[in-house]
Amino acid sequence: MPGPDRAKASAPTEPAIRDPWLRAAAYQPMVEGGPKVVALGGGYGLSTTLRAARHYASSVTGVVSVADDGGSSGRLRRAFGIPAPGDLRRCLVALADHDSIWAEAFERRFDAMELQGHPLGNIILAGLTSTLGDFGLAIDEALRLLGAVGRVVPATAEPVTLKATYMRSGGTLEQPIAVQGVVEGEVLVGRTPGLTEVSVVPPDPRVPDEALQAIVNADQICIGPGSLFTSVLAVAAIPAIREALQQAKGQRTYICNLSEQHPETSGFTMSDHVSTILAHGVPLDVIVHDPTRLPLGQPTEAIIVTRPLADRTGRLHDAELLAAALSSLM
């Protein structure tokens, strides 16, 4: 029989305990000597900003909304109790290796039976979370699978529900009144006109340390573009993230939308977007704005940089034009 020393040596070692949000990823910098860029938001707008940052940044981190409760994200969220994966998936693909077949596969959407409407990337993130027992580790594995060049971090380490107040006119022509109310859930919030304020439930969710440290240490923090209440403020107005933005020494840059979004921002000018963000306690230093697409409105105290930013359709930001505008600020 082996002696006690041999028995001890042959025993399996305990796996190292890993913080799911603080890991030294061995990704190569995109541009040596470039700025450290953090981008906040959700949806297609944030993925465009991440693609733009790849042109001039030495490192890039996406801090992504996980408040979505519709479509594939909503179904997986309800089924498995995970944060919404859809916006994260888009950001993972935006940072993927250009030659990665997985990047194309992640966006492939099933069109039959029980999987109808689910992109493969959402299913993979849900499966990795179930296998690894942690949503953050699942994102890390997806980053490795895609050969990604940056980091993607959920804005909260737990599922959250978007909550908003609205104010609109009611009553009659003879007796008009102001009607105020509250709606919950990202889909319903996005369909509600007259929005005035947005928050999340629970009101002060835990935010991954990696997200907060990236914001505080960034040279440039890009906020948006994207749906003002359901993407941009769904991240920036979270208390811990808002506090990190207030403490940040880097340039806080808002990338304004190209058009109003019905009904979420019907009638909004650029200055309406900015004043709404500032009213939520989110500081801004620079506004990047395409004046040919959205009216300026009333002047703002922030520095306004005007550039052509739209792609050939006129509806979406062009990643290369946006990269030229953002890199010129550094």
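**Helix packing and the largest pocket**

User: In this predicted model, at what angle do helix α6 and helix α7 pack?

Analyst: Helix α6 spans residues 120–132, and helix α7 spans residues 135–146. Their axes lie 8 Å apart, and the packing angle is about 125°.

User: Which term describes the orientation of α6 to α7?

Analyst: Angles from 65 to 115 degrees count as roughly perpendicular, and those over 145 as roughly antiparallel. The angle of α6 and α7 is about 125°. Therefore α6 is, relative to α7, oblique.

User: Is the crossing of α6 and α7 left-handed or right-handed, and how do the residues of the contact divide?

Analyst: The crossing of these two helices, α6 and α7, is right-handed. From α6 the contact draws on L125, L128, T129 and L132, and from α7 on F135, L137, A138, I139, E141 and A142. By class, the residues of this contact are eight nonpolar, one polar and one charged.

User: Which residues lie nearest the centre of the largest pocket?

Analyst: The largest pocket has a volume of about 860 Å³. Its lining consists of 31 residues. Those nearest the centre are G43, Y44, G45, G226 and S227.

User: Which helix gives the largest share of the lining of the largest pocket?

Analyst: At least two lining residues come from each of α2 (43–53), α4 (86–94), α8 (186–190) and α10 (228–236). The largest share is six residues, and the helix that supplies them is α2.

User: How many residues in the lining of the largest pocket are charged?

Analyst: The lining of the largest pocket can be divided by class. Six of its residues are nonpolar and 14 are polar, while the charged residues number eleven.

How values were computed
Residues are numbered from 1 along each chain as its sequence is written. This is a predicted model: local features need pLDDT of at least 70, side-chain atom pairs count only at pLDDT 80 or more; totals for chains, interfaces and linings use all residues. Side-chain values use heavy atoms; hydrogens and water are left out. Axes are lines fitted to C-alpha atoms, for helices over the stretch in contact, and angles run from 0 to 180 degrees between N-to-C directions. Helices (H or I, at least four residues) and strands (E, at least two) are DSSP runs, numbered from the N terminus. Angles under 35 degrees count as roughly parallel, over 145 as roughly antiparallel, 65 to 115 as roughly perpendicular and the rest as oblique. A crossing is left-handed if the near helix is turned anticlockwise from the far one by less than a right angle, and right-handed if clockwise. Contact means heavy atoms within 4.5 Å. Ala, Val, Leu, Ile, Met, Phe, Trp, Tyr, Cys and Pro count as nonpolar, Asp, Glu, Lys and Arg as charged, and the others, Gly among them, as polar. On a 1 Å grid over the protein atoms alone, a cavity is a set of points where a 1.4 Å probe fits but cannot get out, and a pocket is an open set with protein on both sides within 12 Å along at least five of seven lines; lining residues have an atom within 4 Å of a point. Grid points are joined across faces, edges and corners, and a volume is the space filled by probe spheres set on the points.
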